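Trainee: Before I look at the structure, I should like to learn how its descriptive terms are justified. May I put some questions to you?

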Amino acid sequence: MAGPAMAAPFVVEASQPNLNLEDVNVPKDSQSRPTPPHPPQAPPGSIVAFDITSKFRHAVQTLGPGEIVKDGFFTLHESVSALEIMDPKMDSGCLEHGETLDVDYDVTQALLPEEVVGIIDQLLCHEMAWHLGYPLSQTVLTCVYIESILVPQPATLEEAHFIRDPNKATSSPMHTVLRAYCLGLLKACGQVNAKIINEHYYEEEDFVTNTYNRDLLDDFSVEAICQVLRHATALLDDLSESVPQPVTDALRHRLLLRHTLLGAVDSLQERNDPSFVRASWQRPCREALSNVGRIKETHALGRPVPAAFSAKLQRRLASTMPPRPIVHLSFDDAFGHLLRLLKDGIETANVLDYHDSQSLQTFVMMFQAAKPQPLVFVRSLLQGFLFKDMEILGGMSIRQLLDDDLSMLVLPSSVLLDRANDEVETPHDPRFIIAEQMEYFRQKAAQPFLDILRTFCQNRCRVRRTFCHVVRDWDNLQSDADDMDQILQYQTGDKPIPRALPDGSTIATYARPLWSWVFLYKLKQMEWIVFLGFELEVYQPDELAGMYYFLHELANVHLQHIGHIRNALLHNIGAIRGGPRPHVVPPPDAQLARSLTFIHYEEVDASNTMYLAQALSCLYVALHRLSLLRRPRRPYGTDELRYELRMKPFLGISDPRPPSFAEFEACTTMAEYSTDDLLDTAAQCAMAAKKGLESMSKLSEKDCFAVGSYEQWTQRVKSALKSGIATSLAVSMVQKALARPGRDGNLNISVEVPRPEKAYHEWWIVPQVRALSA
Amino acid sequence: MDQNEAREFLTSLLNKVFRVTTTDGRTFVGEFKCTDAQPNVVLANTHEIRRPTEQHLADAAAKTEPGAMKVKMDVMSRFLGLVTIPGEHIVKMEVEEFASQVKGKNPYAFAAVI
């Protein structure tokens, strides 16, 4: 019974073009899925199969219940992950009774132009749903036309057609138009996938890059597909007699959108030259943006063809998941996302206009803080602009960025950053040692520093989570920086700087610039972690008093530290003006002035945070005391456990240490203060914060280090200002109610804690106090 | 077949490539790893192979020249990985051998008899 034709499962001679679907194109990234092994493919005749059904059945009958025969290297633990065949919940190939795998939709059937518009619009919805994070299997790949183009994998561009049979390939213009659109769409999906895979994102959380072994036309050039699109567009011109003008226009705009976007995304490989990116990315995006309005207008002309989409197609994908329903995103929603994608895409290229390192950070922060957050593709674009090929913004070295930041924050026109130091070759020369130490510091600091930018490009939950890890790196870096500062201050001959303490005495401390720089960033991150906790509703309403108290403590340390930096900066100015020091670079005063401006800005910012946090903390304590806010019953938790949980990100940090539970408790009850005192403090602090924020909102874009994102920055400061005003109002309402209680002692006010998205600023959750009608 | 003989037979099959056909007509080709009395069969690195549907057969037949003895067409295959096939759904089991090793003989010749 040897013989391939007999032994093969079917009596058909099997050529298996489908099998090469298993050759996945291996993405460069480590996050890619492992390649499935090749299917059994042996030369015909070399393998024979023998039927052992009955012998096997008899043999297993001798096995006792629970007894198994297994390969020694196969563990039962492994077998848990095995798919159970014929189980409809696990086996994606298991068909219902009478169900067939065939989709009864004929791709060769003639299509009305209106139907093509309908299919294209449905594909657009699917594409946007994919951008939002749904898998291709439930979106684009449910289209019968797309499936027919991709399977079997086309070897030539001519083959990439849903009608492969040359006899049937009529020259129907509508088929040509639809095919062109599909090719443009698939190529765009491939481009987007490649962009996202190359950056940092969270698979399945942000986006699903799985293509289920379908090749998204990777082998065909963008230019070739653009050519197909242009050809199809030209075809539309000849149809003016048979097809109404609005419909051909509708089709034309859709093809044009694909054409524009394909070229634009392709141009993103280049980013050294901001003007080039502007011309080849931003301009086409703007064109597309002005053009898409027409797509929306003409959407009504389309006639939907639901039969051209089938969830059944998922059974053919390399996936162990049983079919899931097709994702239905409404056209209006999808269109809204498309608009946003284009706008954000244009906006993100502005990051290439580098002004200074702080403006860059503000830009990234502001861009990512927008609600809803930009889509993952745009976030990947931003990451690409920032970090691709280890070049910052396509033209700067990491050192340039780092030195710019150091010089702005702590080392204006400092000898430590003098590039001439690198040229010194005498090992005993202080400049040689300085260059060596600074290089050592840069190597240690580069990763944590870039991590800040990279982290902000993640989804919001991940931003907070990642900062909890990154802040530990900064904590370690701080002690390294301290050691390096000691070596450096010996080499530069720095003297301790006397500093007046609040109690009137003075102490002398070294400037410790590297340590200062690291500490400043660490404090900022600790504040961000708490801020994002408010934004992401990590803290329950009854925990806000404690967390704003903790934020106030952090801001307080921040403020003192800024005092230290400023003292060192001012001393430096004095020293430079006082007389020549060895190795001091002649002072370009602009750098010093910039540092002082920055320190001033940081000071205002930190003090605003401190005051507003204190005001809210006092207000919340008072509201709890007056029983206007109640704690929910928590039978399974204690305050101490919850405290530990909240402080967890900070427990490993040596300085500043989080308060002990006893201190934390004391400060969230403030037993030694009367409620009136608390409200007075809250009112004063809110007033101080309001003033600070008001003055801050008047800063010019250079003084607030938000060049390139000034508008968003101002908006955020104004929101914070509104929060300050709202806090003042809330405090005064409670005060008034306390002064004139109702007859039975009721305060006649109600308090509600808004959700972050309802608050003026998601970092400042101000309670809403309402008067109850008596 | 006594118990030892049966166990020896089953153990000798481990890691060989099986073709298991199920009640719905699909065939699973993968390495035999484990079985029990049911017999549930665990296969590793499995590919699912699906018989062309009636419609496909008809289409393919229409395309070939009249009088041809064979119809050439594609089977549909997917990679699934590790699978368990419950005994109740198994219709047929085959084991693959290299033709060069069996030299035209059937090492499982007594397979059909008890």
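Trainee: Why is Ser413(A) counted as buried?

Mentor: Buried means under 20% relative accessible area, exposed over 50%, and partly exposed in between, with a 1.4 Å probe and protein chains only. Ser413(A) has 8% relative accessibility, and therefore counts as buried. The model is predicted: local features need pLDDT of at least 70, side-chain atom pairs count only at pLDDT 80 or more, and totals for chains, interfaces and linings use all residues. Residues are numbered from 1 along each chain as its sequence is written, chains are lettered from A and ligands numbered from 1 in the order in which they are written, and side-chain values use heavy atoms, without hydrogens and water.

Trainee: What makes the phi of Ser413(A) notable?

Mentor: Its value is near 35 degrees, which is positive in a residue other than glycine. Ser413(A) is located in the loop between α13 (398-409) and α14 (430-456) of chain A; helices (H or I, at least four residues) and strands (E, at least two) are DSSP runs, numbered from the N terminus.

Trainee: Why is Glu537(A) called partly exposed?

Mentor: The relative accessible area of Glu537(A) is 35%, so the residue is partly exposed. Glu537(A) also has a positive phi, about 55 degrees, although it is not a glycine.

Trainee: How do you know that β1(B) and β2(B) pair?

Mentor: Two strands pair if DSSP finds at least two bridges between them. Five bridges join β1(B) to β2(B), and the strands run antiparallel. Thr21(B), for instance, stands opposite Thr27(B) in β2(B).
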